[in-house]
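Visitor: I'm new to this one and would like to learn how to read it. Could you walk me through it?

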Amino acid sequence: MTLHEWEPGQVVRPYGDRRDDGVVQLSFVLPVPPGERAREAAAEVARKMGLEQVHVAAMEPAADRYTFFVVYGRSTVAVDYGRIQVPEVVVRKKGFDELNAYALREVGRRIVVLGACTGSDAHAVGIDAIMNMKGYAGDYGLERYACFDATNLGAQVENQRLAELCRDRQADAVLVSQVVTQRDVHKENARQLLDALERLGIRGRITTILGGPRIDHRLALELGYDAGFGPGTRPSDVANFVVGSVLKRMGKEMH
């Protein structure tokens with residue numbers, strides 16, 4: 001758990017046009033057709049959420065008899081930022097060439113990494129961005145690193161099959177992407193992989209990483225994973241964490 005330099009008593013409020021004005025923007029869908037009655041319903045929802053000076057900025061049809069709204073309002077809510085504590089993934093980050101040379105020297109071999117979108121989840125965009133050679137936004141994916149023997153297994157990989165591949169290929173790390181989250185299916189699916197690794201007796205030697213649009217480090221830890229990465233994660237973030245984790249299992253610290 002990492003604490004920032006903020007001290008207790010330093011209060012922060014939502015910021016819109018000017019500091020501490022409390023202006024927030026909401027977006028949501030109501031199961032009603034667009035119109036003035038629908039606009040007022042959206043405004044009433046925002047007011048019941050505690051917002052003042054409510055303005056419905058946008059109203060667009062979302063589907064048959066469904067309407068999407070963007071609403072502005074002013075909130076009086078504030079938080080003491082200095083008292084907030086949250087688990088974070090903390091790692092000394094090295095550049096592409098530096099990390100490759102460092103990992104090959106300190107580990108002494110290529111690190112085996114498997115990645116997949118598991119269960120019935122067919123959304124492979126996230127795992128592709130982290131694993132594939134091109135990566136994204138100029139940040140190379142793990143398959144491009146010389147220090148990794150990285151394989152992207154794609155989407156809809158059954159958890160038992162992935163666990164068996166981790167065993168057979170003696171994986172050092174496994175990356176799991178979960179995009180579908182309705183009724184918390186991502187949580188149950190994520191746990192199933194850990195259960196499968198436990199049954200095979202290999203959970204203790206594999207670094208498990210969970211990622212997706214509704215994943216953060218806190219949730220991943222609660223589910224039993226070693227780390228969680230959410231929106232905005234770069235492949236280099238994951239690469240550095242994997243190297244640091246493997247070194248830690250070897251009794252070394254990443255410098």
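Guide: Happy to. Let's begin with a term we'll need: a residue is buried under 20% relative accessible area, exposed over 50%, and partly exposed in between. Take E106, with a relative accessible area of 23%: that makes E106 partly exposed. One caution before we go on: this is a predicted model.

Visitor: Into which domains is the protein divided?

Guide: There's domain 1, covering 11-80, and domain 2, covering 96-250. Their C-alpha centres lie 37 Å apart.

Visitor: Now the sheet. In what order do the five strands of the open sheet come?

Guide: The order is 7-6-8-9-10, and the pairing is parallel. Strand 7 (148-152) and strand 10 (227-229) stand at the edges with a single partner strand each, so one side of each has no neighbour in the sheet. On average, neighbouring strands here are turned by 20° against each other, ignoring direction.

Visitor: How do I see who pairs with whom around strand 6?

Guide: Follow the bridges. Strand 6 and strand 7 are paired in the parallel sense over five bridges, and five bridges also join strand 6 to strand 8, again running parallel. V113 is a handy marker: its bridge partner in strand 7 is A150, while in strand 8 the partner of V113 is A173. From A173 you can step onwards, since A173 stands opposite T207 in strand 9. Strand 8 (residues 173-177) and strand 9 (residues 207-211) are joined by five bridges and run parallel.

Visitor: What unit do strand 6, helix 3 and strand 7 make?

Guide: A right-handed β-α-β unit, with helix 3 spanning residues 125-131.

Visitor: And which way do the side chains of a strand point?

Guide: In a regular strand the side chains alternate between the two faces of the sheet. Now the case here: from strand 6, I111, V113, G115 and C117 point one way, and V112, L114 and A116 point the other way. 

Visitor: How many of the seven residues of strand 6 are buried?

Guide: Seven of the seven in strand 6 (residues 111-117) are buried, so the strand is largely enclosed by the rest of the structure.

Visitor: What about loops? Is I202 buried or exposed?

Guide: I202 is buried, at a relative accessible area of 5%. This residue is found in the loop between helix 5 (185-199) and strand 9. Leaving aside residues up to four places away in sequence, I202 touches A163, C166, R167 and L197. You can also check I202 against Q170: they are 32 residues apart along the chain, and their C-alpha atoms are separated by 9.1 Å.

Visitor: Let's try charged pairs. What do I look for?

Guide: Look for a side-chain nitrogen of Lys or Arg within 4 Å of a carboxyl oxygen of Asp or Glu. By this rule the count comes to 13 salt bridges. One of them joins R47 to E44, with the closest N and O atoms 3.3 Å apart. Both R47 and E44 lie in helix 1 (residues 36-48), three residues apart, about one turn of the helix. R47 is partly exposed at 36%, and E44 is partly exposed at 33%.

Visitor: How far apart along the chain are K252 and E106?

Guide: First the contact itself: K252 forms a salt bridge with E106, and the closest N and O atoms are 3.7 Å apart. The two are 146 residues apart, so to speak a link between distant parts of the chain, with K252 in the segment after helix 7 (235-249) and E106 in helix 2 (residues 96-107). K252 is partly exposed, with a relative accessible area of 31%. Elsewhere, salt bridges that share partners join E40, E44 and R47 into one network.

Visitor: One last feature: what should I make of phi angles?

Guide: Most residues other than glycine have a negative phi. Against that background, look at R65: phi is near 65°, a positive value in a residue other than glycine. R65 is found in the loop between strand 3 (52-63) and strand 4 (66-74), and counts as exposed at 54% relative accessibility. A137 also has a positive phi, near 55°. A137 lies in the loop between helix 3 and strand 7 and is exposed, with a relative accessible area of 57%.

How values were computed. Residues numbered from 1 in each chain as written. Predicted model: local features only at pLDDT ≥ 70, side-chain atom pairs only at ≥ 80, totals over all residues. Heavy atoms only, no water. Pairing = 2+ DSSP bridges. Helix = DSSP H or I, 4+ residues; strand = E, 2+ residues; numbered from the N terminus. Axes fitted to C-alpha atoms, helices over the stretch in contact; angles between N-to-C directions. Domains from an automatic or database assignment. Buried < 20%, exposed > 50% of the residue type's maximum accessible area, 1.4 Å probe, protein only. Contact = heavy atoms within 4.5 Å. Right-handed = clockwise from strand over helix to strand, strands pointing away.
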